[in-house]
Amino acid sequence: MDERIRNDFPILGRTVHGKPLVYLDSAATSMKPIPVIEAEARFYRESYANVRRGVYALAAEANERYEEARGKVAALIGAGPGEVVFTHGTTEALNLAAWGLGETRVEPGDEILVTEMEHHANLLPWQEIARRRGARLAAAAVAPSGELDLDDLRAKLSPRTKVVALVHVSNVLGTVNPVAEVAAEAHRVGAIVVVDAAQSVPHLPVDVGDLGADLVAFSGHKMLGPTGIGVLWGRNDLLAELPPLLTGGEMVREVWLNWATWDDPPARFEGGTPPIAQAVGLGAAVDYLRAIGMEAVRRHGEELTALALDGLLARPHVTVYGPSDPAAQGALVAFNLAGIHPHDVATLLDQEGIAIRGGHHCAQPLHRRFGIPASCRASFHVYTTPEEVNQFLSALDRVWEDLR
Amino acid sequence: MSGYEEIILDHWRRPRNKGRLPDATGSAVEANPLCGDIVRLEVKVQDGAIAAARFTGEGCAISLASASLLTELITGKPVAEVERMKDEDLLAALGGVVKTRLSCALLPLRALRRALASEGPPRRTLPPSEV
């Protein structure tokens, strides 16, 4: 990647414990480029007002900027603007999907199918719905390779399956799941397909048409945008049947003391004052990513992942989890050093200014599946350089020397 | 690499008082579900003092070293004195712990406090199973 990209991220110029920051936790959240920070600040300085209510010019301008951002997000994923719902993040988007489908589609005795590699955000809402609706929650197995066991998934699909919820790119293993294939199978039994795309939309070209799913959720903050903004994309006809998750201002048509009528999507799902400036910031992040090109973003991620995997796999004391194939995984690597707890690895790397994640990454069942309490994860984005990956690998050797 | 304090590495590599205490008078398990750290601390109180203390556990170097050091610190001490032990005392004995890892370092102390609170007559011998 271009040196200019690096310079767009001011935080990468700082030091930690007196060492230059090497930020390798982009799967948790990404850093923000100046154009995103500026877009949000400029909106507050120049065009800020509440949306959807005001008849005055400033409100109309703010509304225009908000809707413009929706259009940018829609264009990024090949959707129509009316299909893009702004939420506060992936978690809210998945809860909106789960609570809505729970009400409209799931009956007692029905089944909801997830996978063993789900982030808690795409597991717990379905647990709740299953429990409250008297439905059964099943999980498709993960193979030792870190790939989804498609035979197991097929075996667990039945006409009773009303929802299949799965992650596009695993936040731990990096596995890229064959969503289109799964969606086709799920649709054959009449199930709705919900996709957690929090780790895919920020890193690779995603077209919701090609994906074949019915509802797709992702976050702004992992794709160079602000925190507090996320997206639920939904097929028009499906969104039209879903009830709102949050009721209140700005999502209704007519309100009486005893009843109310909901607005159409996407407004129906955006009760209360939405994260307006954050939406504008997300629009700027989309512009930034598209200027680089999602193909180029993906290539850069693959190069860094290849470099990290080569280094990790060459060290016999390192266990790598996931496909170990840069072309088949997201821009991240999960691993452990033999006999050393991930928090010790993360703390010692931090002393050298290197930020990686150690823990269960909000995927406890997946770690249990691999028989480990936790793992280390290094993850990348457009601003990560090959030099940083090499620094990480040599620092990892010093951790090993220190603790072995 | 600046790394961990030597005392942490030493207790992690050569844990003291590791194992079950068959005639314990007090015992407690504390776990940190965030990282999977788990520590069982057992004490034998005799004549108002800690006659013996042992731990078992799994987890990171800091939590295990802290448990090991803690058993050394309290053995032979009057219970009243051990009960007055503050978080800062243990952290200082460890040579200081980075603030992001305080919960790991203090896990064994939380177990000790509960073990002392649970103190009662000596138990019958338990099978020497791990935590």
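Which helix of chain A does I129(A) lie in? The helix is α5, residues 124-133 of chain A. Keep in mind as we go that this is a predicted model.

Let's stay with I129(A) for a moment, since one residue is an easy way in. I129(A) counts as buried because it has 26 C-beta neighbours inside 10 Å, and 20 or more is what being buried takes. Who does I129(A) touch? Leaving aside its neighbours within four places in sequence, I129(A) is in contact with A98(A), W99(A), G102(A), V106(A), I112(A) and A135(A). D25(A) is another story: 104 residues away along the chain, its C-alpha atom is separated from that of I129(A) by 31 Å.

Now step back and take in chain A as a whole. Its secondary structure comes to 14 helices and 17 strands. The radius of gyration is 22 Å, close to the 22 Å that the globule rule gives for 404 residues, so chain A is as compact as a globular protein of that length. Laid along its principal axes, the C-alpha trace of chain A spans about 70 × 55 × 35 Å. Of those 404 residues, 53% are buried. If you look at contacts in chain A with a separation of 6 or more, 70% of them are between residues 24 or more positions apart.

Two sheets are good landmarks in this chain. One is an open sheet of seven strands with mixed pairing, in the order β4-β10-β9-β8-β7-β5-β6. At its edges stand β4 (84-87) and β6 (136-140), each with a single partner strand, so one side of each is left without a neighbour in the sheet. On average, and ignoring direction, neighbouring strands here are turned by 20° against each other. For a closer look, try β8 (residues 192-196) and β9 (residues 215-219) of chain A: these two run parallel and are joined by three bridges. You'll find D196(A) standing opposite A217(A) in β9(A).

The other landmark is an open sheet of four strands, β13-β14-β17-β16 of chain A, and here the pairing is antiparallel. The edge strands are β13 (318-321) and β16 (357-359); each has a single partner, so each has one side without a neighbour in the sheet. Neighbouring strands in this sheet are turned by 30° against each other on average, direction ignored. β13(A) pairs with β14 (residues 332-337) of chain A over four bridges, in the antiparallel sense. As an example of a matched pair, T319(A) has N336(A) in β14(A) as its bridge partner.

Helices come up against this sheet too. α12 (residues 342-350) of chain A lies across β14, β16 and β17 (375-379), running at about 155° to β16(A). Then there's α11, residues 294-313 of chain A. At 1.5 Å a residue, its 20 residues should span 28 Å, and the end C-alpha atoms are indeed 28 Å apart, so the two agree. Which residues of α11(A) are buried? They are V297(A), H300(A), G301(A), E302(A), L304(A), T305(A), A308(A), L309(A) and L312(A). The cover over these buried residues includes β13, β14 and β17 of the sheet just described, along with α10 (276-292) and α14 (386-403) of chain A.

On to chain B. This chain has five helices and three strands, and from the N terminus on its elements run α-β-β-β-α-α-α-α. Its radius of gyration is 14 Å, close to the 14 Å that the globule rule gives for 131 residues, so chain B is as compact as a globular protein of that length. The C-alpha atoms of chain B fill a box of roughly 45 × 30 × 25 Å, taken along the principal axes. Buried residues make up 41% of chain B.

Have a look at α2 (residues 61-74) of chain B while you're there. Its 14 residues should span 20 Å at 1.5 Å a residue, and its end C-alpha atoms are 20 Å apart, which agrees. α2(B) is mostly covered, with 12 of its 14 residues buried; among them are A61(B), I62(B), L64(B), L69(B) and I74(B). Just after this helix, G76(B) takes a positive phi of about 90°.

Finally, how do the chains meet? On chain B, 13 residues are in contact with 14 residues of chain A. Sorted by class, the side of chain B that touches chain A has seven nonpolar, five polar and one charged residues.

Key:
Residues numbered from 1 in each chain as written. Chains lettered and ligands numbered in written order. Predicted model: local features only at pLDDT ≥ 70, side-chain atom pairs only at ≥ 80, totals over all residues. Contact = placed C-beta atoms within 7 Å. Nonpolar A, V, L, I, M, F, W, Y, C, P; charged D, E, K, R; others polar. Expected span 1.5 Å × (residues − 1). Rg over C-alpha atoms; globule rule 2.2 N^0.38 Å. Pairing = 2+ DSSP bridges. Axes fitted to C-alpha atoms, helices over the stretch in contact; angles between N-to-C directions.
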